[in-house]
Amino acid sequence: MDNLSLFIAIPAAVAFLIPIVSHRLKWFPDVSSSVITFILFLFSLETLNHQCIYQMGGWPAPIGIIFVLDGFSSMMLIIVNLIGFMACLFSVDYMEKIYTSKLRYYSLLLLVITGMNGVILTGDLFNMFIFLEIALIASYALVGFGCGSKDLEASFKYLVINMIATYFIFLGIALLYGRFATLNMAHIVTSIQQYGTDSVVIFAFVLFFVGFGTKAAIVPFHAWVPDAYTAAPAPVSALLAGGIIKSLGIYVLMRLTYNIFGMSQVIANLFVYFGIASIIIGALMALGQWNFKRLLAYHSISHMGYIILGFGLGSPLGILGGVFHLFNHSLFKSLLFFNSGSVEYETGNLNLRKLGRLSEKMPVTSVSSLIAFFSTSGIPPFNGFWSKLIIIIAAIQAGRPFSALWVVIGSILTLAYFAKIQRYVFFGNGDEFDESQVKDIKEVPSLMRVSLIILAVLCTIGGLLAIGGVNGVFGPVVNALAGGTNQYIGEVFGK
Amino acid sequence: MVYTLCFILFVIGLYGVTCKKNIVKIILGFLIMEYSVNLFLILLGWRKNGVVPIVEPDTVMEYFKTMSVDPLPQAMVLISIVTGLGTLILMVALAIRLYQRYGTFDITEMNRLKK
């Protein structure tokens with residue numbers, strides 16, 4: 001899989017093909033988007049343990065735009081395309097019942113996947129900004145897709161906060177260009193090594209931290225998350241939580257800190273403190289929520305804290321914990337959003353007070369949400385336990401026992417608010433629950449069930465990926481980040 | 001000095017976005033922010049009495065090296081204007097739909113999500 005441009009070309013081409021063809025062929029949007037995302041997923045699996053560079057138009061590195069594939073980007077490609085495939089499968093029946101225009105929906109969804117693949121692969125700052133805009137503009141439209149007053153309000157809020165962040169990033173890119181007269185990321189690294197870190201570079205890093213921190217939903221910048229997740233259609237929420245905030249936020253932030261600006265003690269402290277704040281504030285806010293999806297949104301903020309904390313520890317074990325938790329979180333978080341989508345599909349309602357007793361009526365949804373619940377709150381055989389354990393061990397090894405304590409407290413709070421979901425939605429019932437509502441409820445259609453079951457199985461066996469530790473499955477990822485700036489220059493310029 | 005003015009323009013735009021309550025003023029704030037960054041990029045490549053960055057057979061290379069204008073920021077600004085246009089259209093479309101639903105442009109009255 002040396003032709004990395006296919007990751008951008010295929011979804012973009014199909015995204016624009018769908019509106020042209022679908023007026024004649026009604027089945028085309030459903031089938032084509034699922035098939036295309038599945039093909040992309042297979043391609044991304046093929047990039048595993050593989051390193052290469054794709055030069056756009058054959059122009060070599062510092063002059064032309066290049067795509068860089070290493071362990072970290074390969075893992076992100078697998079996550080994004082897997083979640084995209086699951087979201088497409090889930091959308092077939094979900095969008096049919098709740099929303100109207102499938103054609104526009106799939107078009108926008110594929111554009112989001114295009115943008116995310118581009119951000120993950122590119123080795124050029126300005127090109128990254130363009131792909132960022134592609135993914136974000138499509139996702140603004142997807143969040144407000146229902147066109148109800150609440151959807152539009154959430155979409156506008158999401159748009160305003162993220163546009164400010166985008167212009168911060170743009171200003172940072174302009175500053176770096178003004179300082180070093182280059183946009184290639186590896187070339188910027190060599191320039192920083194040559195001229196040293198001065199105030200312009202530090203200011204640019206601060207702008208990047210605020211900009212990508214907003215997209216990664218770290219705590220002081222998290223205000224858009226609850227509204228956008230609540231208003232968006234469930235597959236889009238899953239894609240937002242499992243793909244967008246990870247590929248546009250965490251991935252770029254980590255690439256910039258580890259491979260371009262270089263990790264330092266100050267940045268490590270920054271990540272650890274912001275991570276702890278996200279864990280605790282996200283978990284406390286989630287406890288008080290009565291809307292299923294809003295609760296999941298705060299849960300997402302809390303878990304982004306774990307990931308940032310893991311990366312901020314700086315040691316290879318900490319990076320492994322962060323990467324592994326990132327992988328696990330995208331699995332169980334999408335599963336939880338699909339569960340909320342199934343509940344909404346059958347009952348038309350997401351208020352925990354009005355729901356109840358769904359465990360007998362919807363066994364697949366109930367069991368899969370139970371698996372996601374165990375895995376997210378860290379019950380041993382499931383994947384979430386292992387990544388949290390690795391983060392805790394890494395925190396203690398790095399001489400930050402209090403961070404480890406906060407991780408444990410956050411984990412207990414997670415257990416509490418997921419017990420609340422299980423109690424009010426699946427096993428018990430809420431205060432305003434009406435028995436007559438659940439009489440004719442049945443399990444969701446088969447395609448939705450398939451995506452729930454696949455993700456639940458992955459959550460159950462995902463813990464096996466931890467075997468081997470820093471040299472195991474995630475070894476290339478840890479190497480790509482822990483190698484620091486010199487490793488990245490070596491990858492790009494082949495020294 | 002000119003760069004400082006660009007930053008002042010950026011901060012004015014940021015003020016407009018964060019402190020104004022009318023949606024149209026927020027959109028104008030975004031435009032100011034975008035144009036300030038575009039202006040900054042253009043000024044980075046600009047040179048007084050600069051020459052076109054194309055090498056011809058009779059070009060004096062020493063003069064060319066010191067006086068040629070950097071063409072890359074201009075290409076970047078073109079792309080940024082296009083993406084800015086896309087976002088602007090989306091923002092205006094959202095503003096129109098919001099006006100239809102709420103009957104006002106005031107964002108403090110759009111609080112149905114919290115209820």
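Contact here means heavy atoms within 4.5 Å. Helices (H or I, at least four residues) are DSSP runs, numbered from the N terminus.

This is a predicted model, in which local features need pLDDT of at least 70 and side-chain atom pairs count only at pLDDT 80 or more, while totals for chains, interfaces and linings use all residues. Residues are numbered from 1 along each chain as its sequence is written, chains are lettered from A in the order in which they are written, and side-chain values use heavy atoms, with hydrogens and water left out.

**View 1. Helix α8 of chain A and what covers it.**
Let's start with α8(A), which runs over residues 199-215. Its 17 residues should span 24 Å at 1.5 Å a residue (the expected span is 1.5 Å times one less than the number of residues), and the end C-alpha atoms are indeed 24 Å apart, so the two agree. Among its buried residues (buried means under 20% relative accessible area, with a 1.4 Å probe and protein chains only) are A:Val201, A:Phe205, A:Phe208 and A:Phe212. Which helices help to cover the buried residues of α8(A)? They include α5, α6, α7 (185-195), α9 (224-231), α10 and α11 (265-287) of chain A. After α8(A) comes A:Ala217, which has a positive phi, near 60°.

**View 2. Helix α5 of chain A and its cap.**
Now for one of those covering helices, α5(A). Of its 19 residues, 16 are buried, so the rest of the structure largely encloses this helix. The expected span is 27 Å and the end C-alpha atoms sit 26 Å apart, which agrees. At the N-terminal end of α5(A), A:Asp124 acts as a cap: one of its side-chain oxygens lies 3.2 Å from the backbone nitrogen of A:Phe126.

**View 3. A buried arginine in helix α10 of chain A.**
Is A:Arg255 buried or exposed? A:Arg255 has 4% relative accessibility, so it counts as buried. You'll find this residue in α10(A), residues 234-261. Its side chain joins that of A:Asp70 through a polar contact of 2.8 Å (a pair of N or O atoms within 3.5 Å; within protein, one must be able to donate a hydrogen and the other to accept it, and residues adjacent in sequence count only if both atoms are side-chain atoms). Leaving aside neighbours within four places in sequence, A:Arg255 is also in contact with residues including A:Phe72, A:Met185 and A:Tyr488.

**View 4. Where chain A meets chain B.**
Here 31 residues of chain A are in contact with 36 residues of chain B. The two chains bury about 3,200 Å² between them (the accessible area, 1.4 Å probe, that two parts lose on being put together, summed over both), 81% of it on carbon and sulfur atoms. A:Glu153, A:Phe156 and A:Tyr167 supply 21% of the area that chain A buries against chain B, more than any other three residues. How many residue pairs are in polar contact between the chains? The count is five, with both residues at pLDDT 80 or more. On chain A's side, α5 (125-143) and α6 (149-180) each give two or more residues, and α6(A) gives the most, with 19.

**View 5. A threonine of chain B facing chain A.**
B:Thr87 belongs to α4 of chain B, residues 72-102, and is buried, with a relative accessible area of 1%. Apart from neighbours within four places in sequence, B:Thr87 is in contact with A:Glu133, A:Ile137, A:Tyr140 and A:Met163. Within chain B, a polar atom of the B:Thr87 side chain lies 2.7 Å from the backbone oxygen of B:Thr83.

Definitions and conventions
Buried means under 20% relative accessible area, exposed over 50%, partly exposed in between (1.4 Å probe, protein chains only).
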